[in-house]
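Biologist: I should be grateful for a close look at a single part of this model. Please take the aromatic residues as the subject.

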Amino acid sequence: MIIPEDLKYQIKKNFKKGKVVSLTGAGISAESGIPTFRGKGGLWEKYDPEIFANTEGLISVLRNNPRSLANFITEFYSTLLSSQPNPAHLSLVELEKMGILSSIITQNIDNLHQESGSQNVIELHGNSFRIICMGCQKKACLNKERIKELLALIKKSWSSYISLLRIISRYFPKCKCGKRFRIDIVLFGELLPQDELSRAYKELDNCHTLLIIGSSLVVYPAAELPLYAKQRGARLIEINSQPSALSELCDYRIIGRASEIVPEVLNILKG
Ligand code: NAD
């Protein structure tokens, strides 16, 4: 048994309909096959985030080391393409259907909450399967089939800066407004989408319990959200395989794997 009896009692008592919000981070998707970026085998072990997680860095790699950029794009998207929602994502869908969970505020960019069927998902850091115009901010979908084509083309026909640039330009085209589309994720040093952030704060204004799953809570401003919720009277429950930076702030901490514990929370509420 992972969840102690007293906490089971608290979950039954405190999970009020429509009053639970979940804040999720990379840990919820770790068991879907997407390593946390900072964890063992994560992207930042191999690629320096100072270069590969900011626009200027990416442009300079394209010019100076296109092979490295080709490898990075391939690894980044191959991992996302081969991932599937796990029981933690699916349990959140059930909680939403039961009317208990009102929304998910996610720092993830993997689309797995939407893919599993969650409806009210607030994306603080964007989505890898979407592009955004750098001029008028128009958004468009970059679906899995298109990404598979992109990776196949990179594998088959890139050989230089110019050929890689041509391939990338095809999948990140120019908008009608004249500016170019880019991937719709928040890179280092960029502002979060303000509409999503406002929605997140609004959800927390009415939230009775904040269920934090798989986040180290070191990335700001997302890490401010638990404090905001707590100041408004919400109870904080943390599910993580190890303590986070804000574990001390939480009313309850459950140490363990999200894919085991979130389904157990669901069973408690169904029982
Ligand atoms: P993080 O990498 O800083 O922390 C991950 C947390 O998850 C850690 O505290 C770790 O202990 C915990 N964890 C790992 N495996 C777990 C499991 N199986 N069950 C429960 N907990 C587990 O992640 P973060 O706080 O989300 O911040 C990282 C940033 O990197 C975010 O901004 C996010 O956008 C991005 N990121 C996204 C993805 C994704 O979309 N799947 C993956 C990696 C990084």
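Is Phe129 buried or exposed, and what is its relative accessibility?

Modeller: The model is a predicted one. Phe129 has a relative accessibility of 7%, and because the cut-off for a buried residue is under 20%, Phe129 counts as buried. A search of the whole structure finds nine aromatic pairs. In one of them, Tyr77 and Phe129 are tilted, with 55° between the planes and 6.3 Å from centre to centre. This pair links distant parts of the chain, since Tyr77 belongs to helix α6 and Phe129 to strand β4, 52 residues apart. Tyr77 is likewise buried, at 3% relative accessibility. Both residues also belong to one aromatic cluster, formed by Tyr47, Phe52, Phe72, Phe76, Tyr77 and Phe129.

The two elements that hold this pair, α6 and β4, also receive helix α9: the buried residues of α9 pack against α6 (66-81), β4 (126-133) and α10 (161-171). Those buried residues are Ile147, Leu150, Leu151, Leu153 and Ile154. They lie on the same side of α9 because they cover an arc of only 160° around the axis. On the other side of α9, Lys155 and Lys156 are exposed.

A further aromatic pair is formed by Tyr201 and Tyr228, edge-to-face at 4.6 Å centre to centre and 70° between the planes. Tyr201 lies in helix α11 and Tyr228 in helix α12, so this pair ties together parts 27 residues apart in sequence. Tyr201 counts as partly exposed at 21% relative accessibility, whereas Tyr228 counts as buried at 18%. Arg232 lies over the face of Tyr228, 3.6 Å from the ring centre.

Technical notes
Residues are numbered from 1 along each chain as its sequence is written. This is a predicted model: local features need pLDDT of at least 70, side-chain atom pairs count only at pLDDT 80 or more; totals for chains, interfaces and linings use all residues. Side-chain values use heavy atoms; hydrogens and water are left out. Buried means under 20% relative accessible area, exposed over 50%, partly exposed in between (1.4 Å probe, protein chains only). Helices (H or I, at least four residues) and strands (E, at least two) are DSSP runs, numbered from the N terminus. The arc is that of the directions from the helix axis to the C-beta atoms. Contact means heavy atoms within 4.5 Å. Rings of Phe, Tyr and Trp (its six-membered ring) pair if their centres lie within 6.5 Å; planes under 30 degrees apart count as stacked, over 60 as edge-to-face and the rest as tilted. A charge sits over a ring if NZ of Lys or CZ of Arg is within 6 Å of the ring centre and within 35 degrees of the ring normal.
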